[in-house]
Each structure stands twice: as C-alpha cells, then as structure tokens.
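Here's a quick tour of a few helices, a sheet and one arginine. Have the viewer open and follow along.

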Amino acid sequence: MPDLFLRLALPSPLRRLFDYRPPRGVPASALQPGVRLRAPFGRREVVGVLVEVVASTDVPADKLKSAFELIDPVPPLPASVLWLCQWTAQYYQHSLGDTFSWALPTLLRQGEPAEARQERYWHITEGARLDDPRLSRAPRQREALRTIAQHPQGVHHALLSKLQLSKDSLDLLLEKRLLRIEVRRTQPSRHEGSWLLQSELPLNDEQRLAVESIRARFGTYQGFLLAGVTGSGKTEVYLQLIHQVLQAGKQALVLIPEINLGPQTAERFAQRFNARIAVLHSGITDRERLDAWLAARDGEVDIVIGTRSALFTPLKRPGVIIVDEEHDASYKQQEGLRYHARDLAIVRARHEKLPVVLGSATPSLESLHNAHSGRYALLRLTQRAGGAQPPRLLRLDIKSRPLDAGLSMPLQQAIGQTLTAGHQVLMFLNRRGFAPTLLCHDCGWLSDCSRCDARMTLHQRANELRCHHCGHVERPPTQCPRCQHVDLRPVGAGTERAEERLTTLFPQYPVLRIDRDTTSRKGALDELFATINRGEPCLLVGTQMLAKGHHFPKVTLVAVLDADGGLFSADFRASERMAQLIVQVAGRAGRGADAGRVVIQTHLADHPLLVQLTDQGYFAFAEQALAERRAAGLPPFAHLALLRAEAHRPGQAERFLDEACALAEQLAMQATDTPVELLGPVPAPMERRAGRYRAQLLVQSSARAPLHRLLAAWLPQVEQLPDARAVRWSLDIDPIDLF
C-alpha cells in the first residue's frame, strides 16, 4: 500500500494546512474528509479536522509527525457544512482551522465524542442484600442501597441529590459490587399528531402572497426580501411558512440578531407548534449546545432558533432558512472570523438548494439593492396586522428649549397624558449610564479615559466612571484632578439619569430601565418583560435593546430623546443606522387597539434626512441613500476590505500599513482588469483604544472578483513583513463600520 499523508486544518491563525502521517493501525477507509484527529502541534496536542488525504508531501521525512488518534468513526460535519466552512475561510481570507473552531461546538473542538449524551442509571446488582455483613457498620450505605432497591428501573444520576443519596456512599457500594451503573443513550422524542397547537391567524392578501411565493420555491434556491412595516405580521408569515416546511418533513433554521430575543421567539414558536425546538446562543452551556447541535444534525429537532453562529448548525433535512431583522449589525462578527451571518445564509441556501427569507421593516441598503437588481424577490407588507394604524412621527425642535435630564417640557406633558390614559410610554436613549462625561465647571476638565481617545461615562448608582470602549473602571474624583476645585458636574444624559428624573416626575408609575447594566443578571430581562406585559401604565427607558422585535401592545407613546447622533459622522453608514433605529423603535408604538405616536427630539428638526424619514417613510429615505451611494461609489456599488493594525507605540501600526500598502500597489499595477484603489493608511477615527494605537488601510473596487484576487496574492506577502509579528493586525472583508 502506498504512503498516505493527512492534510489537517488546525486551530491556528496560520492560513495553511498541516501535513501528518496517519495514526498507527487506522485503515485508509476511515480517513474521510471532516473527521477529527488529535495531533501534536509544537509543544501542544490539538484537535484538527481532516481536509484531504494525499499521496505526497513537501515536508521532509524527519520533520513529518504522526497524528495521535482518530476521534470520529464518521465525520461529525455533513459535507454541506464542511463545504460552507471552506467557502467561508476562502472568502474572508481566514485560517480554515480557525473557521472550523467558530463552526464547531466547544466540546467538539476539545475532542469530545460527537454522540448524544449518555445517561447514567444506578441499579442494585442481582443477589445484593440489605443484610450483607459488610453493611453492618455502614448505616448510610445500607440506607442508600434500600433507596436504590425501591427503583427497579434504576435511579438517574441527576436525581441522586433529590433522593439525598451521597455519592461517597454509592461509590463504596459500587466497590463492594452491590450496585452497578447502566449507561443509556438518550432516546430522541418522536413527533406525533398534528404540528399545530394553536390555530393559525388569518392572513391578509400581502401575507398570503408572501407565504405562497416562498412555498412555491421549496426544494430550490431563491432569496426573498420580506420588507414589512413594523407590526405588519412578518412573524406570522414565518410561522405559517414553517408549518408548511414541517408538513413536508423538513427542518427550519431561524436566525435572530440578539440573545435577548431568543426566549420570546422560542416561546411563541412553542405555543404554535407541536414540534421539537432547539435554541442556540452563547447563553447556554457547552453541553446543552452540543446536544442541540447533534440533535439538529441527526434530524431529532424540527426548528433551530439561534444567533449568528447557529448558521453553521448542520441539518439532516433542511427546508428553509429565515433571517429575522436582516439589517441588524449583530449578524456581523467583529473579531476573529469576521463573517456576516446574513450573507453566509445566502451562500448556504444556494448550495443546499433552499429558499432563504430575509425579513426586516428597515432592510439594509445592500439587501434592497439586491432586490432591485433581481438577485432577491421583493415581498412587501405595507399594512399593520389586525387593522392597527401606523404611528404618527412628530419632530420636536428642542433648540433653545430647557432640557431636564434630556426631557423637554412638551415631552413631559405628553408622557403625563399617556400615563393618565392608562397606557405605557417607551423612552429611547442609546446611551447607558448616568451621564456621558464628568466636567469641572471651573477649569473645563473632562473625565477622559487614560487608555482611549474617549470620555469616561458616569454610572452614578455604582459610583463609577466607566469607559464603554475598553472597559476601564475607576472611582469618580471628589475634586478636579487639574485645578482641585470640587464643582464637578455630570454633562448630558444617559438611561440611568433619565430613569432617576422620570421616577421623580412621575412617582406613582413604575419606571423600568432596560439596558446592558440592568439585564446582566440571568432572568432579569424576563422579569422586566413580564411586568411590561401585564399592561399596567409604566415608563420604559432603554437603549437599542428595546428597538428589536418586541411586541408591547400597551405602548402608545415612543420618545426618541436624541436623534442627532447619526446626522454628522465620519462613517458613511451612520445615517442608515440612525434611520433604521428610529423606525424600529417607533414601531413599538400603537401595536394594539390604540393609536400610537412618536416624538423625536432634535436640534435639527429641518434636516432633510429627518424630514424625509418622518414625512415619507423609510423606503423613500433608502432610495435617496442608494442614489447617493451610487454617485459616491460606496457599497453596495463598491466592495471593501479593511486592513486594521494596532501597536503599543505611536506610528508603529502606520509603518506596518505603509509597507503593506506598497506591496498592494505593486500587485494592483500588474492587474489588467478592474482597478483596485488603496485609501490610506490613516489613523483610526478613535486612534488610541485600550492603550493601543490603531491605524487602517482601506482597499476598494467596483467589482468583487479583482478585489479578492488581489487579497489572495497580497496577504501571504503581508504575513512575511518584518513588522507583521510586532503589531496586531486583521483583515475585514465587507466591513460594516470603519472604526
């Protein structure tokens, strides 16, 4: 038999494969692409994924090592997900081994068997007696044996503490062979009866057309952009579509942008369907994630709901992929493998011949452009479900008006009227903490972060100054560090300050603050939502956590306390994000029987963007923004890659990028197709962050293929630069922000 060599993808940032000899005694037939092997790597032992078996290698025989062990009898990853990982690594110019690390559950990366959980049961051995002489001086062991004997089917290991059984006593009984342990594989539950637990809601004509259009493409790829105004019943479209998928014997994958939407989405699906549902996100344990992952792969789960990493979940019988709130920036991974789950959902659906549904009330400009160019089918939902009316959007000019913790007097009056009428009020302010900074009234000192080019935010309840960029925390000074005066004043308003003031202004009504600070404790968010859903008059104060997908039928007034942040920004996407955020948070108003209104406080009430958004709606704004992007040659009419670098010393990151830019210019001059532009290098908009100095180089082209050809030739050269190991650098394909 000729020599065979294994090419493994290892958990390393190096963008290459590593050659090994097979483990001893492993037949060639067992070496299938996708199986995991333990292998030596430097001084460590790592778990790698077999990519291919080859007949020759360039590694000298004296340096070629053997893999230690074959872990899997069959590949844990199906061929379709293996292909998706390889495509992802190639497109995002990332290490394949590290890409597998992002796609696989943690326990599989650590070498755990890719098998369903083995459950342990304690049984009394045949012939064991309570009067065994070895128990005469061991009353606890005798009592434990008596308890086990009362359960002929055995006692599940998880129930030992409830039965007050000591593990030490059981281990001693095991040694005496009076007990035995039986290991059983958890038997998957089977679906029986109707798929529906609740009757489906009647659909209007637009919803019915959407469901029928998507159902007609079952078994083949088609991208659909489901663009529905807030409250138009997109979720009901998803539910009825999934019912059709389940009836066809298929599975559904539903992506949601954030972890806090998981419980309410799963609950709504569980109320509707007699189906097996798995929820995948970072809040579950490693074991729970592996169990759900394996159940989905083996077809023992019907619906998978998860955040962006759930995109890599294998499905035995895939039927549809749904990406809810497709515009949300949370779908873009911002460290390590910088993939975009929405874009990869399209790639996966095309490869597996599935319909994919991108849903949003405020579609991204990229998705709208794809719909206009025919890549996606556009499905519009223009009416609110149940006859609810769209909220009225009012621009409140606060120039020259006194503000009390960010609240103008007309807004305070509107809040009082709404609460008196028995309704709820939602106050949106996308700034956590009490105040964005602390100011010395005598000399003008500001609470700057010592590690970033940013201000420290005052969190008064915790009596802390916090940097929301690097996480640095310190106590607020009692006197000015510069002039030693004591007149230190909080400047601006955050959610904590708004909460405090609203509690004083409306003491008879509960004020609920919903931001990262108040929801960090497990179960805290569910408790807050339970209070809101009781329907009693209250005030909700929160950040963008409140803007996404929540249904609060008693909210009739929404207030945006500061709408000016996105009007003037160095990031060309800032206005798009601001428009999406305003429309999304406005959509929480008037979703029930009562009409809603939205008050937008602004110093720029006549700004064309705000006027267009409030008078003509999001889609008019989007068309105007697309025309501006086309004229400026910006995405989606151009394709970007951003090379970022950071270093401890000023200028070091820029020197590295200068060298990288010179290499790219040489490659660009040799190209004969569409030109590729290089912009920079320049300092990052926030140059110093967490004690490091940051710079960036933007690579841009009007066509995707020339850009990726240049990147593929360029990065191996960049890796060889002398400064490549002296700085921390990364490449971001299709960046969604330039910071």
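## A covered helix

Buried here means under 20% relative accessible area. Keep in mind that this is a predicted model. By that cut-off, the buried residues of helix α11 are Leu-365, Glu-366, Ser-367, Leu-368, His-369, Asn-370 and Ala-371. That's 7 of the 8 residues in α11, which spans 365–372, so the helix counts as mostly covered.

What sits over the buried residues of α11? The cover includes the strands β9 (222–228), β14 (355–360) and β15 (376–381), along with the helices α10 (341–352), α15 and α17 (618–632). Just past the end of α11, Gly-374 has a positive phi of about 90°.

## Two helices crossing

α15, one of the elements covering α11, also packs against another helix. Residues 574–586 form α15 and residues 608–616 form α16; the two meet at an angle of about 35°, with axes 11 Å apart. The crossing of α15 past α16 is right-handed.

From the α15 side, Ser-575, Met-578, Ala-579, Ile-582 and Val-583 make the contact, and from α16 it's Leu-609, Leu-610 and Leu-613. Sorted by class, that contact has 7 nonpolar residues, 1 polar and no charged ones. As for the spacing, an α-helix has 3.6 residues a turn, so residues three or four places apart point the same way.

## The arginine before α15

In the loop between β25 (555–560) and α15 you'll find Arg-573. Is Arg-573 buried or exposed? Its relative accessibility is 8%, so Arg-573 counts as buried.

The Arg-573 side chain gets to the backbone oxygen of Pro-735 at 3.2 Å. Leaving out residues up to four places away in sequence, Arg-573 touches Glu-366, Arg-629, Pro-635, Pro-735 and Ile-736. Glu-366 should ring a bell: it's one of the buried residues of α11.

## A four-strand sheet with a helix across it

Further along the chain there's an open sheet of 4 strands, in the order β28-β29-β27-β30, with antiparallel pairing. The edge strands are β28 (676–689) and β30 (728–733); each has a single partner, so one side of each has no neighbour in the sheet. From one strand to the next, the twist averages 20°.

Inside the sheet, β27 (residues 639–647) pairs with β29 (residues 692–701) in the antiparallel sense over 9 bridges. Leu-643 stands opposite Leu-697 of β29. Helix α19 (residues 704–719) lies across β27, β28, β29 and β30, and runs at about 165° to β30.

Technical notes. Residues numbered from 1 in each chain as written. Predicted model: local features only at pLDDT ≥ 70, side-chain atom pairs only at ≥ 80, totals over all residues. Heavy atoms only, no water. Axes fitted to C-alpha atoms, helices over the stretch in contact; angles between N-to-C directions. Left-handed = near helix turned anticlockwise from the far one by under 90°. Contact = heavy atoms within 4.5 Å. Nonpolar A, V, L, I, M, F, W, Y, C, P; charged D, E, K, R; others polar. Pairing = 2+ DSSP bridges. Buried < 20%, exposed > 50% of the residue type's maximum accessible area, 1.4 Å probe, protein only. Polar contact = N/O pair within 3.5 Å; in protein donor to acceptor, adjacent residues only side chain to side chain.
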